[in-house]
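Here are my notes on this one, written as a walk-through. Keep the viewer open and find each residue as you read.

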Amino acid sequence: MNERRSDFGPSQAIFDDFVAEVWDHHRESRRDLPWRCTFDPYEILVSEIMLQQTQVARVLDKYPLFLSAFPTVAALASADVGAVLAVWQGLGYNRRALALYRAAKAIVEEHGGTFPDTVEGLRKLPGVGEATAAAVSAFAFGRGQPFIETNIRAAYIHFFFPGQDGIPDAAILPLVQATIDPDDPREWFYALMDYGVWVKRTYGNPSRRSRHHTVQSRFAGSRREVRAGVLQAVLAATPAAVEVSRLPELLDALGRAPEELADIADELAREGFLEKTGTAYRIAGSAQDDISE
DNA sequence: GTCCCGCAAC
DNA sequence: GTTGCGGGAC
């Protein structure tokens with residue numbers, strides 16, 4: 001038996017109960033997901049970026065398509081960003097695709113193609129924050145750095161904070177630290193997330209009692225919708241460029257003013273999705289060609 | 001309406 | 001600490 005008890009907080013017995021319950025549940029209903037069948041850090045990073053704010057069911061469809069198109073970090077790094085964005089369409093949060101692409105380039109150009117194998121090294125990659133760095137380090141390299149994502153948060157709030165509101169992640173992280181299985185952190189984090197999924201399905205989402213819980217604003221009518229539309233319109237025209245004057249007709253269904261469409265195209269250019277030549281936009285890095293008619 | 005294996009810019 | 005970021009399933 002591992003000694004996990006710290007000088008404060010729940011007793012060793014409570015920790016043991018939690019660990020036993022999570023493992024028991026895991027033995028009953030472990031999710032066999034494609035990214036759980038590999039130790040390849042590239043394949044695991046792709047899955048983690050896709051899973052940020054995106055449900056498993058939708059990643060399941062896109063994940064094999066993406067890996068077929070870009071099987072290795074070198075393949076992704078040498079692809080056209082337009083090809084990456086095209087495969088990404090339907091997953092949402094396009095900036096993740098751009099960050100993943102830039103991370104692949106960084107790994108090839110700054111690390112000689114060798115994946116960083118530490119949390120600190122992973123953390124420096126674009127689009128990789130604390131949670132993703134720790135997740136990749138656990139799932140690809142077997143490290144036991146604690147992290148919190150939505151299912152892990154649900155698991156701990158449900159078990160350790162019944163009936164309490166406004167729970168900060170800072171109160172959860174020591175509990176994650178105290179319960180990590182030092183012999184198999186990879187499988188332990190899988191078990192935790194599976195348990196969190198079960199808790200949400202069974203009791204409702206306890207993360208609504210998190211201090212950090214927020215509600216996403218509606219997508220229909222949002223600026224996000226227009227951004228996605230402008231990017232899709234330019235992607236559809238690739239390799240040709242799109243005159244700014246054509247955006248209103250291409251995005252007629254959104255009913256936005258021409259000035260707003262132009263503002264958003266400029267913003268996408270600043271962020272690196274598009275390149276602006278005169279008054280026309282093309283996908284960044286795509287070949288010079290005629291203006292789309 | 002609610003949710004989703006967060007990150008980065010501010 | 002707050003805000004913006006896509007899209008679809010339920």
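1. A quick definition before we start: a residue counts as near a strand if one of its heavy atoms lies within 4 Å of that strand. With that cut-off in hand, look at DNA strand C: of its atoms within 4 Å of the protein, 54% belong to sugar or phosphate, and the rest belong to bases. Please keep in mind that this is a predicted model.

2. Now for the protein itself. Chain A contains 14 helices and 3 strands. Its C-alpha trace spans about 70 × 45 × 30 Å along the principal axes. How much of chain A is buried? Of its 293 residues, 48% are. The accessible surface comes to about 14300 Å², and carbon and sulfur atoms own 51% of that.

3. Here's something you can't see from the sequence alone. Take the contacts in chain A between residues at least 6 apart in sequence: 67% of them join residues at least 24 apart.

4. Back to DNA strand C. There are 18 residues around this strand, and the closest are Gln55, Arg58, Tyr93, Gln216 and Ala228. Which helix gives the largest share of this surface? That's α12, with 5 residues. Both α6 (94-110) and α12 (223-237) supply at least two residues each. Sorted by class, the surface near strand C has 4 nonpolar, 9 polar and 5 charged residues.

5. Zoom in on the polar contacts to strand C. Two of them go to bases: a side-chain N or O atom of Arg58 sits 2.3 Å from a base nitrogen, and a polar side-chain atom of Thr54 is 3.2 Å from a base nitrogen. Gln232 goes to the backbone of the DNA instead, with a side-chain N or O atom 2.8 Å from a phosphate oxygen.

6. Next, DNA strand B. It has 30 residues around it, and Val56, Gly127, Thr132, Glu149 and Lys200 come nearest. Here sugar and phosphate make up 68% of the strand's atoms that come within 4 Å of the protein. The surface near strand B divides into 10 nonpolar, 11 polar and 9 charged residues.

7. What does the protein use to reach the phosphates of strand B? Try its own backbone: a polar backbone atom of Gly129 is 2.8 Å from a phosphate oxygen, and one of Ala131 is 3.4 Å from a phosphate oxygen. Glu149 uses its side chain, placing a polar atom 2.7 Å from a sugar or linking oxygen of strand B. The elements giving two or more residues to this surface are α2 (41-51), α8 (130-141), α9 (150-160) and α11 (185-203). The biggest giver is α8, with 3 residues.

8. Finally, have a look at the strands towards the end of the numbering. Strands β2 (residues 274-277) and β3 (residues 280-283) pair in the antiparallel sense over 4 bridges. Pick Lys276 and look across to β3: its bridge partner is Tyr281. The hairpin has 2 residues between the strands, and Gly278 takes a positive phi near 65° there. While you're rotating the view, remember that in a regular strand the side chains alternate between the two faces of the sheet.

Methods:
Residues numbered from 1 in each chain as written. Chains lettered and ligands numbered in written order. Predicted model: local features only at pLDDT ≥ 70, side-chain atom pairs only at ≥ 80, totals over all residues. Heavy atoms only, no water. Polar contact = N/O pair within 3.5 Å; in protein donor to acceptor, adjacent residues only side chain to side chain. Nonpolar A, V, L, I, M, F, W, Y, C, P; charged D, E, K, R; others polar. Buried < 20%, exposed > 50% of the residue type's maximum accessible area, 1.4 Å probe, protein only. Contact = heavy atoms within 4.5 Å. Areas by Shrake-Rupley, 256 points an atom, 1.4 Å probe, with all protein chains shown as cover. Pairing = 2+ DSSP bridges.
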